[in-house]
Amino acid sequence: MDRATHFIPGPNQELLDIKPLRSLAPMFPAPMGVNINQSGTPPLVCVTPVGQFPTGFGAGNLPAFGSFATFSATANGFSHGGTSANGPIDATPISAYKTRSSGVTYNGDDEPHSGNQTRSSERKAKRSSALAADGTKIKRPKPVYKNLVAGKELAFLPPSNSNPRETVEVVHMIFEALRRRHLQMDETQDASRRADLKAGAIMMASNIRANVGKRVGTAPGVEIGDIFYFRMELCIIGLHAPSMGGIDYMSAKFGNDEDSVAICIVAAGGYENEDDDTDTLVYSGSGGNSRNTEERHDQKLERGNLALERSLHRKNEIRVVRGFKDPACVAGKIYIYDGLYKIQESWKERTKFGINCFKYRLQREPGQRDGAAIWKMTQQWIQNASTRGRVLLPDLSSGAETMQVCLVNEVDHEKGPGHFTYTNEVKYLRPLSSMRPLQGCHCQSVCLPGDSNCDCGQHNGGDLPYNSSGVLVCRRPVIYECGEACHCTLNCRNRVTQKGNRYHFEVFRTTNRGWGLRCWDPIRAGAFICEYVGEVIDELKVNLDDSEDDYIFQTVCPGEKTLKWNFGPELLGEESTYVSADEFEPLPIKISAKSRGNVSRFMNHSCSPNVFWQPVQYNHGDDKHPHIMFFALNHIPPMTELTYDYGVVGAEPSRRTRNCLCGSSACRRVF
């Protein structure tokens, strides 16, 4: 039944009697540092850059970073941040920086959200301070954020004339790198602070953001289906300004009129969608719902709720971000940008807590690519793989992988790839027993961050390379994991890649590049994906220019996107680890997956990849022939093809070139 035309209120519902906006005198927050325009037109919010940070990392605790170009996407490209009478509002809501002391936040859909938590196995392990050789405790100093940025242009900042997608990707990559590094430092000090808020505060203070200024409609450079793990990620790319509130709104022009309308909402999953329809969303207003029974009250038609009501009458497009439970984290969420919606109707309904709540039914605009629909589809496949259609082979690995590798062709009549032996082990030129052994650690139970007596930590520059979630913090020439020579258990956080694949992979037929690889699961930036498996070859005996072997991996220098994945240490007062293409040194190892290999042999090249390779050692000490492990360069949504950069032409003279068909805006035409 069409509710908009045949709606009859139920016993717990009533129709809203809406008056014109100006007669309602909308209430806008006016905290310290916010100036409210008291003219007859709807007020604009202008936030000063000082005093809006949460306790512990506010303006007084951050350095006076040098002025960076802040990129605001417009129809004509990018312009520096700022406000104008006719431009988008350059306003950062106070809620983008506030946090609750309890560590639990609530969005507009009244759904609690908490940040990264240390795994229970490591929380239970009582941490001892770092010990010196004589057994005395060493107190690690807290990091001091020094201003090493003023007057410099950081290598990872995008040029002002870059396309919107590139800017969003670079800004998001910097945020993720800062967050991972902060989490690594916090875990070293046994602290439980919100690394995402710290990273966001540094970027806000440094003016490193995308899409500065609010706007109705799409956020340039943000694509439908993009996934995020923290609300602060939505803030720094300009998709949704409040870090806690579920409703983002602004004052916009409609002809000669000006009205306060909603521009983006985050549906965190606190209220189920009717009939599981991915094109329809029933969204609940903000306010009133508290865990404390005495503080619950009816929602008020003000601020975000009022803006949603005005959007119903103005019929403006609203960006919608849907939140789902993160399958890999008990308390985590994954946010998916689902495109543009319009509000069709609103009503008031009494909740199970006895308060009156505003309800808004939004309909997805037609003609958009799928977003949340893909998520729900792949989650169904994970629960029951038989529901996946067009399957040629249920498990290409024949049981070699813990998770089945599905073979699918939805393009042509090809029945499958050429014959090869599926294996998960690299075949070296000589036995592992004859190779130099890797020195192990003497840690009991598990290796702990900050333990100066951990040999594996010292091999990795003093810090364990992975955080408590098993995510790689930064690229290094070689990562040293714990191995058979170590005394720690298999649950040690420094044993990641050796445990093998943990995703539901799908080998699929592409339209113009043969077979490709994608995944049913979401993959977060820095997560281990798989190892490049095959036979290590002797280039003195094998012709590397053999046109019949398209499965030879070489450690050729990748493109700039991969080289710039490391965190921007200048923002933390740390020495830069950026390695330019001129400084890059390839390794002699070469692996052929033509006759034997795993899913990695199906990863195609892209000049704008979402995967990078990283040398890792754990079962031998020959650094010239390490394991080649693949990690996620950025957050990868389900059903997105996994690609890595095969290398820049000319970086390896003996390597033949091929025409590139990646289709990226940064395509180099050959690789």
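Q: Is Phe602 buried or exposed, and what is its relative accessible area?
A: This is a predicted model, in which local features need pLDDT of at least 70, side-chain atom pairs count only at pLDDT 80 or more, and totals for chains, interfaces and linings use all residues. Residues are numbered from 1 along each chain as its sequence is written, and side-chain values use heavy atoms, with hydrogens and water left out. Buried means under 20% relative accessible area, exposed over 50%, and partly exposed in between, with a 1.4 Å probe and protein chains only. Phe602 is therefore buried, its relative accessible area being 2%.

Q: Which residue forms an aromatic pair with Phe602?
A: Rings of Phe, Tyr and Trp (its six-membered ring) pair if their centres lie within 6.5 Å; planes under 30 degrees apart are stacked, over 60 edge-to-face, and the rest tilted. At 5.8 Å centre to centre and 70° between the planes, the ring of Phe602 is edge-to-face with that of Phe420.

Q: How many residues apart in sequence are the parts that the pair of Phe420 and Phe602 ties together?
A: Phe420 is in the loop between β18 (406-408) and β19 (421-422), strands being DSSP runs of E with at least two residues, numbered from the N terminus. Phe602 is in the loop between β27 (596-597) and β28 (604-605), so the parts tied together are separated in sequence by 182 residues.

Q: At what distance from the ring centre of Tyr551 does Arg601 lie?
A: A charge sits over a ring if NZ of Lys or CZ of Arg is within 6 Å of the ring centre and within 35 degrees of the ring normal. Arg601 lies over the face of Tyr551, and its distance from the ring centre is 4.1 Å.

Definitions and conventions
Helix = DSSP H or I, 4+ residues; strand = E, 2+ residues; numbered from the N terminus.
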